[in-house]
Amino acid sequence: MDEIALLQKRFEELCRQSYQGGIYTFSDFLSLAEQDVFYKMEKELAYAKPCLFGGAEGCERRMIRFGSEDELGYSCDYPIRLIKASAKDPKFSDGFSHRDLLGALMNLGIKRQMLGDIAIDGKDGFIFCHEKIADFILSELKKAKHTVLTLSLYEGEVGDVIFKKEPGQVQCASLRLDCVVAKVWELSRSEAQELIATGKVFLGGMQCLDNSYELKEEQVVSVRGYGKFIYKNVLSLSKKGKLNLLIERYV
């Protein structure tokens with residue numbers, strides 16, 4: 001059985017357990033490609049009211065929760081914790097990157113599916129993780145690159161803090177996906193089409209292979225290896241009839 005079939009079977013099991021047992025069930029953290037597997041079978045799983053969340057608005061890696069308060073009669077939070085990692089002595093720290101922090105976590109033997117997004121804000125790092133491994137990370141993660149760390153559970157609001165968005169404008173001939181992706185990252189049309197054809201472009205977590213798809217307002221576009229942006233709206237028409245688009249790019 002291939003990986004996609006195994007993942008489909010796991011989703012079906014979690015869905016059935018939630019519905020038959022009257023309980024909430026949760027997947028591990030899912031990549032965009034794994035979320036796309038869910039979206040392609042979402043209708044057949046809809047009876048257990050699935051919902052996705054990664055710990056904060058803007059998270060790319062997300063869990064699926066099966067079950068809803070309306071159906072089950074009680075609420076249940078996602079089993080996600082957020083850990084803040086800072087240099088123990090900022091004076092002697094040369095900083096660390098997302099890759100440094102992820103590498104340090106993987107070196108502890110932690111599986112990727114137990115980790116959500118990892119974000120860097122200045123000299124601080126933020127790690128979304130499954131609650132099962134939060135204590136382990138707090139006690140065992142000592143360094144990232146050459147920086148000695150101090151760790152703590154973070155309880156504050158983080159969406160706008162660590163997932164910063166920068167407004168911008170691009171001018172396009174149309175709202176076609178390939179056209180907008182090319183303009184946002186200053187690529188050729190053919191380069192954008194290649195990214196779409198090879199499955200590297202996602203709309204709200206769902207893979208899109210259609211170059212000619214026309215973007216809708218507030219859609220989140222993620223492109224592997226480049227980043228993501230939100231298409232907001234059309235601001236105006238240029239004198240040559242091109243669209244001036246407002247976007248918000250994650251930085």
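**Exercise 1. The core**

Task: In this predicted model, find which residues have the most contacts inside the largest nonpolar core, and which elements supply it.

Solution.
1. The largest nonpolar core holds 25 residues, and Leu177, Leu215, Val221, Phe229 and Leu245 have the most contacts inside it.
2. At least two residues of this core come from each of strand 9, helix 8 (177-184), helix 9 (189-197), strand 10 (201-203), strand 12 (219-223), strand 13 (227-237) and strand 14.
3. Helix 8 gives the largest share, six residues.
4. Take Phe229 as an example: beyond residues up to four places away in sequence, Phe229 touches Val180, Val184, Trp185, Leu215, Gln219, Val220, Val221, Ile247, Glu248, Arg249 and Tyr250.
5. Another core, of 20 residues, lies apart from the largest one; among its residues are Ala85, Phe96, Ile110 and Ala134.
6. As background, nonpolar side chains in soluble globular proteins tend to be buried together.

**Exercise 2. The sheet**

Task: Give the order of the six strands in the open sheet, and explain why one side of strand 9 and of strand 11 is left without a neighbour in the sheet.

Solution.
1. The strand order is 9-14-13-12-10-11, with antiparallel pairing.
2. Strand 9 (165-172) and strand 11 (206-207) are at the edges and have a single partner strand each, so one side of each has no neighbour in the sheet.
3. For strand 9, the pairing with strand 14 (residues 243-250) is antiparallel and runs over eight bridges.
4. Within strand 14, Ile247 stands opposite Gly168.

**Exercise 3. An aspartate in strand 5**

Task: Is Asp117 buried or exposed, and which side chain of opposite charge is nearest?

Solution.
1. Asp117 belongs to strand 5 (residues 115-121).
2. Asp117 is buried.
3. The nearest side chain of opposite charge is that of Lys228, 5.2 Å away. A salt bridge requires a distance within 4 Å, and Asp117 has none.
4. A polar atom of the Asp117 side chain does lie 2.7 Å from the backbone nitrogen of Arg61.
5. Neighbours within four places in sequence aside, Asp117 contacts Gly58, Cys59, Glu60, Arg61, Phe126, Ile127, Phe128 and Phe163.

**Exercise 4. Two positive phi values**

Task: Where do Glu186 and Glu218 lie, and why does Glu186 count as exposed?

Solution.
1. Glu186 is in the loop between helix 8 and helix 9. Its phi is near 55 degrees, a positive value in a residue other than glycine.
2. Glu186 counts as exposed because its relative accessibility is 76%, and the cut-off for exposed is over 50%.
3. Glu218 is in the loop between strand 11 and strand 12. Although not a glycine, Glu218 has a positive phi of about 75 degrees.
4. With a relative accessible area of 47%, Glu218 is partly exposed.

Notes. Residues are numbered from 1 along each chain as its sequence is written. This is a predicted model: local features need pLDDT of at least 70, side-chain atom pairs count only at pLDDT 80 or more; totals for chains, interfaces and linings use all residues. Side-chain values use heavy atoms; hydrogens and water are left out. Two strands pair if DSSP finds at least two bridges between them. Helices (H or I, at least four residues) and strands (E, at least two) are DSSP runs, numbered from the N terminus. A nonpolar core is a set of buried Ala, Val, Leu, Ile, Met, Phe, Trp, Tyr and Cys residues joined through side-chain atoms within 4.5 Å. Buried means under 20% relative accessible area, exposed over 50%, partly exposed in between (1.4 Å probe, protein chains only). Contact means heavy atoms within 4.5 Å. Lys and Arg count as positive and Asp and Glu as negative; His and the chain ends are not counted. A polar contact is a pair of N or O atoms within 3.5 Å; within protein, one must be able to donate a hydrogen and the other to accept it, and residues adjacent in sequence count only if both atoms are side-chain atoms.
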